[in-house]
Amino acid sequence: MPPREMTKREVPIHILQAITTFAFVGKLVPAPGTWGSAVAAVAGWGLVKFSGLPALYLAAVLAFIIGLWALEQELRDRPHDDPKEVIIDEVAGMWVALAFPASAFYYFETEMVWPGPLAAFFWFRFFDIFKPGVIGRADKKGGAMGVMMDDIWAGVYAGAFTLLTALVYHLGQDYWPTLWAQITAMLPDMPALPFTGQE
């Protein structure tokens with residue numbers, strides 16, 4: 001005899017809401033998605049700093065699995081809803097985004113510093129709001145899986161763009177001062193490029 005499926009009534013609503021709102025952070029207004037993403041970015045950074053990179057990977061996986069289960073229970077009678085206070089999807093997506101720079105810092109055997117989480121947060125909010133490509137298609141599917149997957153894809157996009165931003169910045173540290181020096185040599189009245197050590 002197959003195990004009896006647990007119904008929504010058997011799961012206390014405060015437990016479901018504690019999960020889907022990420023300990024009720026989703027109740028913060030305005031912009032609960034932004035609040036949730038910011039809290040997740042800080043929490044994820046802390047996980048990497050104090051528990052290591054595998055802890056962030058595990059947290060992202062657990063947030064997806066547990067969040068999907070809780071959403072399926074909570075949205076069973078309204079499968080096309082995406083309540084604003086539900087932010088477990090943003091938390092999972094933010095941790096996916098943060099895993100990209102965290103992995104890069106780990107590869108270079110250095111501690112992750114604030115530009116990594118900040119860039120991941122910025123790009124995640126950008127893709128989560130505008131939902132280009134596969135992000136928007138996932139969002140339109142609705143249901144618990146649609147609610148979760150659009151943020152997971154936003155996290156993948158955000159993570160990739162975070163690494164691209166870092167690459168452009170670090171390459172530019174050598175290129176832009178040289179280019180600026182060439183321009184100022186032609187135009188002697190131009191100011192020195194700030195923060196490059198040029199006087």
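What percentage of the 199 residues in the chain is made up of buried residues? In this predicted model, the buried residues account for 38% of the chain. The secondary structure consists of seven helices and zero strands, and the order of elements along the sequence accordingly reads α-α-α-α-α-α-α. Among the contacts in the chain with a separation of 6 or more, 69% are made by residues 24 or more positions apart. One pairing of residues distant in sequence is that of Trp-114 and Val-42, which are 72 residues apart along the chain, with a C-alpha to C-alpha distance of 9.7 Å. Trp-114 belongs to the loop between H4 and H5, and its relative accessible area of 55% places it among the exposed residues.

Two pockets were examined. The largest pocket has a volume of about 550 Å³, and its lining comprises 16 residues, of which Phe-105, Pro-115, Ala-166, Tyr-169 and His-170 are the closest to the pocket centre. At least two lining residues are supplied by each of helix H4 (88-107), helix H5 (115-130) and helix H7 (143-186), and the largest share, seven residues, comes from H7. By class, this lining contains 12 nonpolar and four polar residues, while charged residues are absent from it.

The second largest pocket encloses about 250 Å³ of space and is lined by 18 residues, with Gly-33, Asp-82, Pro-83, Lys-84 and Glu-90 lying nearest its centre. Helix H2 (32-51) contributes at least two residues to this lining, as do H4, H5 and H7. The composition of the lining of the second largest pocket is 10 charged, six nonpolar and two polar residues, whereas the lining of the largest pocket has no charged residues.

Glu-90, one of the residues nearest the centre of the second largest pocket, is also in contact with Asp-128. Asp-128 is located in helix H5, and it counts as buried because its relative accessibility is 6%, below the 20% limit that defines this class. When neighbours within four places in sequence are left aside, the contacts of Asp-128 are with Glu-90, Asp-150, Asp-151 and Ala-154, so that three acidic side chains, in addition to an alanine, are named in this set.A search of the whole structure for interactions between aromatic rings finds 10 pairs. In one of them, Phe-126 and Phe-127 are arranged edge-to-face, with 5.1 Å from centre to centre and an angle of 85° between the planes. The two members of this pair are assigned to separate accessibility classes: Phe-126 is partly exposed, because its relative accessible area is 33%, whereas Phe-127 counts as buried, because the corresponding value is 5%. Both residues belong to a cluster, linked by ring pairs, that also includes Phe-122, Trp-123, Phe-130, Tyr-157 and Phe-161. Apart from the ring pairs, a charge placed over a ring was found for Lys-49, which lies over the face of Phe-50 at 5.8 Å from the ring centre.

Several backbone features fall in the loop between helix H1 (13-20) and H2, where Pro-30 is found. The peptide bond from Val-29 to Pro-30 is cis, with omega near -5°. Phe-22, which lies in the loop between H1 and H2, has a phi near 55°, a positive value in a residue other than glycine. Ala-23, likewise found in the loop between H1 and H2, shows a positive phi of about 60° although it is not a glycine. As regards accessibility, Phe-22 counts as partly exposed because its relative accessibility is 22%, whereas Ala-23 is classed as exposed because its relative accessible area is 58%, above the 50% limit for that class.

Terms used:
Residues numbered from 1 in each chain as written. Predicted model: local features only at pLDDT ≥ 70, side-chain atom pairs only at ≥ 80, totals over all residues. Heavy atoms only, no water. Phe/Tyr/Trp six-rings, centres within 6.5 Å; stacked < 30°, edge-to-face > 60°. Buried < 20%, exposed > 50% of the residue type's maximum accessible area, 1.4 Å probe, protein only. Lys NZ or Arg CZ within 6 Å of the ring centre and 35° of its normal. 1 Å grid on protein atoms, 1.4 Å probe; cavity = no way out; pocket = protein on both sides within 12 Å on 5 of 7 lines; lining within 4 Å. Points joined across faces, edges and corners; volume = space filled by probe spheres on them. Helix = DSSP H or I, 4+ residues; strand = E, 2+ residues; numbered from the N terminus. Nonpolar A, V, L, I, M, F, W, Y, C, P; charged D, E, K, R; others polar. Contact = heavy atoms within 4.5 Å.
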